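Load the model in a viewer and keep the selection panel open. The stops below go from ring pairs to the core and then to the whole chain.

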Amino acid sequence: MPNWCSNTLTVTGPADEIERFRKESTGVPPQYTNYDMETGEEREREPEAPELLSFHSLVPVPDEVLKYGFSHQYERDEAGKNKKNETGGLIPKRGLCGYDAQIDLWGTKWGACEVQETHSDSCTNYVPPTEKDSDEWVSYQFDTAWSPPEKWVVAVAPLFPECVFTLSYMEEG
């Protein structure tokens, strides 16, 4: 069970760019191949609903990693049982799994959880600082596992060069 990190992401900029960010950051989470951990066989997976803030929408996990699966896969013997090393630990197969890829791409093992969105059209008692009086804004409050999505913000900000991204977070634990 992870320690949760509380995050607030505020994006300010021209109205059309804020709307583009809101639209492009909404989407489904990564759709990994689902393997049975005991047999290693692929299982059927239920489709997932779009998320209000999907890290995968703007910084996608590569297809080859989606095919590999989220969790580490392990070497198996001729009987189909997980192989163990001399200390009794499982031996991982080579290949980048979704767990590792998401940490590398986003800075956190899972996407945004418990997302709440506030934007300039829906709120009058909170106004973040903006570059210009005409700028709009959107703010997301969400949780991530263990750490903030700093790598994701660094990757996304250049896609919206007219916007300013501000990420604040609190790691409790």
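Are Phe21 and Phe160 buried or exposed? Select both: Phe21 is buried, and Phe160 is buried as well. Keep in mind that this is a predicted model.

**Stop 1: Phe21 and Phe160.** Stay on these two side chains, which form one of the 10 aromatic pairs in the structure. Their ring centres are 5.3 Å apart and the planes meet at 80 degrees; an angle over 60 counts as edge-to-face, so this pair is edge-to-face. Now colour by element: Phe21 belongs to helix H1 (residues 15–24), while Phe160 is in the loop between helix H5 (150–156) and strand E6 (164–171), so the pair ties together parts that are 139 residues apart in sequence.

**Stop 2: the ring cluster.** Add Tyr140 and Phe165 to the selection. Ring pairs join these two with Phe21 and Phe160 into a cluster.

**Stop 3: around Phe21.** Next, show what Phe21 touches beyond its neighbours within four places in sequence. The contacts include Leu9, Val11, Leu53, Trp152 and Val156, along with the cluster members Tyr140, Phe160 and Phe165. Leu58 and Val138 are also among them.

**Stop 4: the nonpolar core.** The largest nonpolar core has 24 residues. Select the ones with the most contacts inside it: Leu9, Val11, Phe21, Leu53, Trp152, Val156 and Phe165. Elements giving two or more residues to this core are strand E1 (4–13), H1, H2, helix H3 (63–68), H4, strand E5 (136–145) and H5.

**Stop 5: Phe55 and Trp106.** Move to a second ring pair. The centres of the Phe55 and Trp106 rings lie 5.5 Å apart with planes at 75 degrees, so this pair is edge-to-face. Phe55 sits in helix H2 (residues 55–58) and Trp106 in helix H4 (residues 98–106), and the pair links distant parts of the chain, 51 residues apart. Both residues are buried.

**Stop 6: Lys109 and Trp146.** Which ring has the charged end of Lys109 over it? Select Trp146: the charged end of Lys109 is 4.4 Å from the centre of its ring.

**Stop 7: the whole chain.** Clear the selection and show the cartoon. The protein has five helices and six strands, in the order β-α-β-β-α-α-α-β-β-α-β from the N terminus. Of its 173 residues, 35% are buried. Among contacts with a separation of 6 or more, 74% come from residues 24 or more positions apart. Finally, turn on the surface: about 10400 Å² is exposed, and carbon and sulfur atoms supply 49% of it.

Notes
Residues numbered from 1 in each chain as written. Predicted model: local features only at pLDDT ≥ 70, side-chain atom pairs only at ≥ 80, totals over all residues. Heavy atoms only, no water. Phe/Tyr/Trp six-rings, centres within 6.5 Å; stacked < 30°, edge-to-face > 60°. Helix = DSSP H or I, 4+ residues; strand = E, 2+ residues; numbered from the N terminus. Buried < 20%, exposed > 50% of the residue type's maximum accessible area, 1.4 Å probe, protein only. Lys NZ or Arg CZ within 6 Å of the ring centre and 35° of its normal. Contact = heavy atoms within 4.5 Å. Areas by Shrake-Rupley, 256 points an atom, 1.4 Å probe, with all protein chains shown as cover. Core = buried A, V, L, I, M, F, W, Y, C linked by side-chain atoms within 4.5 Å.
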